[in-house]
Structure formats: C-alpha cells, structure tokens
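Here are some notes on the model you asked me to look over, set out as numbered points. They deal with one pocket and with one stretch of protein surface beside DNA.

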2 protein chains.
Amino acid sequence: MSEQQAESLRERKKRRTRQSIIDVAHALFHDNDYDTTTVEAIAAGAEVSVRTFFRYFANKEEVALAPLDEMGELTLAALRRRPADEPPLTALRAAALDAWTIMSPDGESLRHYTDHLLPIGRASALAGAVQNRIVALADRFALEFVEGDDAGSPQPRTDLHASLAAFAFLAAVQVAVRAWCASDSNDPADLVATALICLDSLVVERNSAHRA
Amino acid sequence: MSEQQAESLRERKKRRTRQSIIDVAHALFHDNDYDTTTVEAIAAGAEVSVRTFFRYFANKEEVALAPLDEMGELTLAALRRRPADEPPLTALRAAALDAWTIMSPDGESLRHYTDHLLPIGRASALAGAVQNRIVALADRFALEFVEGDDAGSPQPRTDLHASLAAFAFLAAVQVAVRAWCASDSNDPADLVATALICLDSLVVERNSAHRA
DNA sequence: GAATATATGGCACGAACTGCCACATGGCAA
DNA sequence: TTGCCATGTGGCAGTTCGTGCCATATATTC
C-alpha cells in the first residue's frame with residue numbers, strides 16, 4: 001500500500017504530464033471522434049508540444065487504449081493470484097471475476113473502465129489496435145500456464161492448449177463486450193453477466209444450437 | 001465453369017491492373033519488408049500512379065491481405081454448402097476442411113495461400129489489420145447461423161452462441177497458424193493438422209491441462 | 001463520329017510520425 | 001551557491017500514408 005515513497009520531482013512531473021495527456025485525449029475523443037481529434041489538439045490541450053506527446057505515447061492509439069491496457073494488467077494480476085492447479089479456462093474465468101467484481105464491490109471502479117469501452121468500440125480506426133492488445137494479452141495469459149513446467153523446454157502441445165484457452169477466453173470476453181456495446185444497457189453488471197454466459201457456453205457449445 | 005463470358009475491355013483491363021498491383025506488391029514485400037516498401041514503389045512497379053493505386057485499394061494493408069481475404073471467402077462459401085442442421089462448430093470445422101483439403105487435393109492451390117502466411121505474420125504493422133479481417137469474417141460466419149431463424153427478430157441468445165462459435169473457431173485457427181509460422185515446417189499439411197488439433201481441443205479443453 | 005461515362009494522372013493538402021539539434025530543467029556533488 | 005551531468009522538452013525539416021479536386025485520356029453507346 002505504501003509504494004512510491006521516494007518519487008523524484010522529475011518522475012512526479014512526468015506522471016502528471018502523462019495523466020494529463022490521457023485525460024485531455026479522452027475528453028476530446030468523447031466530444032468529437034477518435035479520428036477527427038488530432039494529436040496536435042491533444043498536445044495543445046495538455047500544454048505540451050506534439051513532439052513531446054510522441055515521447056509519452058508511441059502513437060495516437062496508445063493513448064486511446066491506455067484504460068484497456070490497465071484492465072488487462074488487472075486481469076493478469078488476478079490470474080497470478082489463482083491457485084496453480086486450476087485448469088486454464090477455469091482460472092481465467094475466476095480471474096476475470098476477481099478483477100471485475102471483487103476488486104470493485106461498489107461498481108464504481110469497474111464503471112471507470114466500462115465508460116471508455118463504448119467510445120473505443122465505436123472508433124473503427126481503433127479496431128485493429130484493440131485486437132493487437134488482445135493478442136498480446138492472450139500471449140501473456142498463455143505464458144502463465146506454461147512457464148516453469150519443465151525448465152524451458154519447448155512443449156508444443158502444452159503451448160497449444162494454453163494459447164487456445166487464452167484466445168478462447170478473450171474471444172468470449174470480446175463477444176460479450178460487443179454484445180453489451182450493441183445493447184441499450186450501460187450497466188457494468190450486465191456486461192459481467194453477459195461475459196459469464198459466453199464463458200460458460202464456451203465449453204458446452206457442441207451439442208446445442210443448430211443452423212438456420 | 002463458364003462465368004464471365006461477356007467481360008468488357010474495361011473490366012478486363014481493371015482486373016489485370018488490380019492483379020498486377022497485387023503481384024508487384026507481394027514481390028516487393030517478399031524482397032524487402034512490408035513497412036519499408038512504399039506505395040510509391042508499388043505503383044511504379046505496376047505502372048500506375050499512386051493516386052490510381054488508392055482507387056484500387058483503400059490502403060496499403062488491403063493489397064497485402066488480399067490473399068487472406070480470398071481464403072476467407074473460400075471458407076465462407078464452403079460453410080454455405082454444409083447441411084443446415086449441423087451445430088456451428090461442427091459445420092465450421094467441416095467447412096474449413098472442405099476449403100483447405102478437398103478444394104485442393106494436389107495441395108498446390110493451398111500452398112498458394114500458405115506461401116503468403118509467413119510474410120503477413122511477420123509484418124507486425126499488419127497484425128491489427130489481420131485481426132480486423134478475422135473479426136469481420138467471424139461476423140459473417142455468425143450471420144450464417146442466425147439469419148432466417150425467425151424472420152429478423154433479434155435473438156440475443158442465439159446471436160451470442162453463433163458469434164461465440166465463430167470467434168472460437170477463428171481463435172483456434174489463429175493459434176494454429178501462429179504455431180505453424182513459428183515452427184520450422186512450411187508444409188501446408190502440417191498447418192491443417194495443427195488446426196485440427198486446435199479445433200478439436202476447443203471443446204474438450206475443460207478437464208485437461210493444469211497450470212504450471 | 002459525337003456524346004457520354006468512367007478510368008487515370010497530377011497536384012495540393014492534411015495528419016501521423018521520426019530524426020536531429022538546441023535549450024531548459026532537475027539531480028547531485030564540491 | 002556554483003557548476004556539471006543527465007534527462008526532459010520544443011522546434012523544424014522531412015517522409016509516408018491517404019484524400020479532394022480538376023483536367024485529360026480512354027472506353028462505351030448511339
């Protein structure tokens with residue numbers, strides 16, 4: 001709980017600048033669009049030069065997806081807290097619940113993230129970047145299930161299973177988020193409920209629905 | 001077999017120009033990189049102006065992923081040929097097999113596509129665009145399972161299941177492609193085999209592997 | 001062959017980045 | 001305080017992708 005006791009002036013300033021850029025950017029994204037807001041405008045709003053903006057964020061997408069990244073980190077941290085003998089999908093499902101529900105019993109902290117979901121989902125120019133983050137996150141999830149297994153020897157079979165679980169998990173979450181964005185509701189609880197439906201039906205899918 | 005009997009001079013020319021752009025582009029991507037080859041160079045190679053290039057392809061990604069799109073169309077067509085009462089994942093698995101194996105018994109036509117997979121997979125700048133295509137394709141797959149069900153009324157539950165199956169399927173394929181790209185093999189048959197492993201373990205995943 | 005439709009090329013322009021260099025600011029020691 | 005060094009910042013020129021506009025060339029139709 002008492003982490004950054006000694007934080008130099010420099011670092012404090014950088015953190016404030018970074019946060020300022022994020023805030024200004026998302027405010028502008030909210031007012032206008034992702035596409036129509038220029039980096040120049042963001043930089044101006046945060047009172048830094050364009051050049052400095054690009055020192056804090058490699059590109060415009062990165063500042064837009066900063067909240068998403070935080071969400072991913074939170075889920076990853078929750079996954080690491082799960083017992084080591086849980087099967088992948090079970091662990092991922094539980095970790096997601098931990099990150100979404102238990103970590104924000106009041107629902108406010110969760111809403112802080114879900115508020116960003118719609119603007120991100122609507123910006124079609126961001127879709128590719130979002131998918132990139134998902135893939136990267138899936139790889140990190142998968143790594144949790146294989147590392148330490150047998151001292152570094154490559155295990156294609158285990159790798160496949162781990163990756164598959166991670167990708168399938170994120171696919172389910174993605175489907176849920178999209179359905180939630182498309183629905184009228186903006187209640188985070190509905191998102192969690194939809195996600196659980198998707199996660200659970202991931203396994204029993206085989207002998208259910210038929211084609212039209 | 002006898003389709004475009006009457007194709008105007010104009011259309012023939014356009015098709016040739018388009019194909020020429022694709023060929024030149026992929027040759028350049030192969031020699032250099034995706035990132036380092038400029039649109040200007042592609043246009044010059046295809047003997048068109050840059051402006052004309054952008055009339056044929058909305059952006060540089062599109063010409064790079066043209067083969068991938070064709071592959072998607074082929075799989076979608078195969079899916080439509082499946083019996084209507086198959087469960088989604090079963091139908092998708094079978095459609096993929098049809099598209100990959102039966103449609104190219106000699107293995108050559110399949111290789112024609114797999115040859116493009118590695119360059120695409122290596123170009124990190126393309127990753128986002130690839131993911132976009134996958135999502136778009138998943139949506140079209142999902143549509144096959146819901147449309148006509150009950151005359152247009154929105155059925156969130158069915159939609160969820162259909163989307164989920166489509167996304168999970170493509171996640172499995174993706175994992176297989178990535179594993180195949182990372183492996184030494186460049187034999188299309190290995191890719192198909194890996195994909196089948198992934199698809200099959202998609203369902204029985206729950207009670208198998210444990211975490212490290 | 002004339003009228004019309006469409007494809008093409010060239011140009012100017014905007015926006016995202018990047019490399020380079022000069023300058024300012026914070027940290028640290030004597 | 002003074003001075004030195006590391007690092008953060010701004011400005012500018014330049015590259016690349018991508019678009020709108022208009023003039024011109026090529027195909028199609030009558």
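1. How much space lies in the second largest pocket? In this predicted model, the volume computed for the second largest pocket is about 1100 Å³.

2. The lining of that pocket is made up of 43 residues, and those nearest its centre are B:Leu68, B:Val130, B:Ile134, B:Gln174 and B:Val177. By class, the lining residues comprise 28 nonpolar, eight polar and seven charged.

3. As for the elements behind this lining, at least two residues each come from helix 8 (127–146) of chain A and, in chain B, from helix 5 (66–80), helix 7 (108–122), helix 8 (127–146), helix 9 (156–182) and helix 10 (188–204).

4. Turning to the DNA, strand D is surrounded by 21 residues, of which A:Arg10, A:Thr52, A:Arg55, B:Arg51 and B:Lys60 are the closest. The residues of this surface divide into nine charged, six polar and six nonpolar.

5. Helix 1 (9–31) and helix 3 (50–56) of chain A, along with helix 1 (9–31) and helix 3 (50–56) of chain B, each supply at least two residues of the surface near DNA strand D, and helix 3 of chain A gives the most, with four residues.

6. Among the atoms of DNA strand D that lie within 4 Å of the protein, 56% belong to sugar or phosphate, while the rest belong to bases. A side-chain N or O atom of A:Thr52 is placed 2.3 Å from a phosphate oxygen of the strand, a backbone N or O atom of A:Ser49 lies 3.0 Å from a phosphate oxygen, and for a side-chain N or O atom of B:Ser8 the distance to a phosphate oxygen is 3.4 Å.

Note on methods
Residues numbered from 1 in each chain as written. Chains lettered and ligands numbered in written order. Predicted model: local features only at pLDDT ≥ 70, side-chain atom pairs only at ≥ 80, totals over all residues. Heavy atoms only, no water. Near = heavy atom within 4 Å. Polar contact = N/O pair within 3.5 Å; in protein donor to acceptor, adjacent residues only side chain to side chain. Nonpolar A, V, L, I, M, F, W, Y, C, P; charged D, E, K, R; others polar. 1 Å grid on protein atoms, 1.4 Å probe; cavity = no way out; pocket = protein on both sides within 12 Å on 5 of 7 lines; lining within 4 Å. Points joined across faces, edges and corners; volume = space filled by probe spheres on them.
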